[in-house]
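The following exercises concern strand pairing, helix packing and residue burial. Each task is followed by a worked solution.

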Amino acid sequence: MKKKVEHPWIKIKKYPHIGFPLENNDVSKLENYITDKNKIAKHSFLPFLHRTIFQRKFRANNSGLKNKSKKRTRVKVKPKAREIFFASHFDAQIYSYYSYLLSNKYNELLKTKSFNNAVVAYRKIEIENKKDKHKCNVDFALETFQFIKDNQAKELTVIVADITKFFDELDHKILKQKWAQVWNNSTTLPKDHFRVYKSLINMRYVNEDLLFRNYKNKIWVKTGTKNDPKTLDLKQKAVKHKRFLKDNNAVAYCKKQEFYENSLHLISKSTRTKGIPQGTALSATLANIYMLDFDQEVQDFIDSKDVKGYYQRYSDDLIIVVPRKQQQVAIRMLRALVDNKVNLEIHPDKTKVYHFQQKKGKYTGYEVDEETGEEKNKTLEYLGFEYNGQRALIKTAGYSKFNRSMKRAFKRASSLAINAKSTDDKIHKSALFKRFTYKGSKRRMIRNGKTKTYRYDWGNYLSYVEKSNVVFRAFNNGDQIKRQSRKSWSRFNELMIKTIKKVEKNKVKISDEILINHLMRDKDKDKERVK
């Protein structure tokens, strides 16, 4: 069976929006319209769908008592809010097409630049000697840690910085200049590009919660017919809560025409003078283009005779490695460039400084206070990994998130088994095994009987653990990363036993209630007979 060739820029998604999702038979229509410059130059973009995603955050309680492992207890702090904007299904393909065009131009330009290997996010970078296999954050973290390890003879300073509100603070003037430079080495944009640019900087959007409240009693869903459950039909249905949209196979809040006739009052217009929406296919490409001059100047500094260091940028996360004597110069240079060259900001609290050096007979890395140089009990963290000079491991935060997801899934499974009228009273174990154990971690093509399909099982978090272990095995000289996950199986089984007991206990309780009700009814009947 031949491998299915993906379309270079059309990526059909199924999330509910204004209007129905696109289908595979729409591809030719999309291509004819979107590749026509004159049509895009006059295209009317639908408003974005706005959603705020909150990310839980925990920090060490510095005033609290230490536990047995001599670590501080962790307290919950204000969650981090991310503003995400979803384009309508048709508009999303326009952004994808222009991202495809600009990415090709950008990558060709980077081949002439000294920082070609430093910019790693949102690019397809092939793994050496592995055709059609591309690098990810695991490979980029390894490259960074490998540079540090290869320079153990030196005292190094590693600076990790995070640009504050990256997408929200992009200067529109700089963005337009860089866009035009990459596209045609000019100062002006063609009309079609300018139209796409204006749709991003003069953004119109609808709050998803408001849209749901307006249409929750008539959400468009795909559901099976009575005679043939495999044949899906569109129909309108009431959905109680937004979190149940996926369970109900929701495809649209309303039709496009219905929205224009009844809901124009829901549209808000962005008043921001900076930033672009985070969530479109084009946003990531533009973020890289925006940083062209910054990347060049940092690389020039890193390559200079007195430094000979290392630089890598993954979107708004950047890391530089320099000799210890260049530490203060590097920090000042970094902040000045972010401020003056790209009109952004690196917050001091988001700048971490680490020292790597020989200490007590072994190479050690640890965080230090930027001003005083005082040593902290923290190791280098970058792209989801931590490195102490001896071994690299997955950050514990990743496992914490995995365990929280597991607990939520079991809680939901027990709730469905006990309360849901539309399902049976059993725990669907196969789905839980697939999501949270090694039994579902294998990435493979799904078969329909003996026939291969174009659908894949993409694995689970343990697939990521296994990949990370394979990539870092030689670096760590062992399977330290895989050993991090050794408790996941026992945690899974503990939750499974606890959930089964809970469901069984509820069954007994219900049986007792049914028995009591029968006895009470019999007693009432006896009383009636006596009367």
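Two strands are said to pair if DSSP finds at least two bridges between them. The model examined here is a predicted one.

**Exercise 1.** Determine in what sense β1 and strand β8 pair, and over how many bridges.

*Solution.* Strand β8 comprises residues 250-254, and its pairing with β1 is parallel, over two bridges. The criterion asks for at least two bridges, so β1 and β8 count as paired with the two found here. Within this pairing, I18 stands opposite C254 of β8.

**Exercise 2.** Establish the strand order of the sheet and identify its edge strands.

*Solution.* The open sheet consists of four strands, ordered β1-β8-β6-β7, with mixed pairing. β1 (17-18) and β7 (232-237) each pair on one side only, and these are the edge strands.

**Exercise 3.** Describe which strands helix α7 lies across and the angle at which it runs to β8.

*Solution.* Helix α7, residues 208-215, lies across β1, β6 (219-224) and β8. Relative to β8, helix α7 runs at about 85°.

**Exercise 4.** Classify K178 and N340 as buried or exposed.

*Solution.* Begin with K178, which is located in helix α5 (residues 172-184). Its relative accessibility is 7%; the limit for burial is under 20%, therefore K178 is buried. Beyond its neighbours within four places in sequence, K178 contacts I289, Y290, L292 and D293.

Turn next to N340, in helix α11 (residues 327-340). Its relative accessibility is 63%; exposed requires over 50%, so N340 is exposed. Its C-alpha lies 9.5 Å from that of F294, although N340 and F294 are 46 residues apart in sequence.

Conventions. Residues numbered from 1 in each chain as written. Predicted model: local features only at pLDDT ≥ 70, side-chain atom pairs only at ≥ 80, totals over all residues. Heavy atoms only, no water. Buried < 20%, exposed > 50% of the residue type's maximum accessible area, 1.4 Å probe, protein only. Contact = heavy atoms within 4.5 Å. Axes fitted to C-alpha atoms, helices over the stretch in contact; angles between N-to-C directions.
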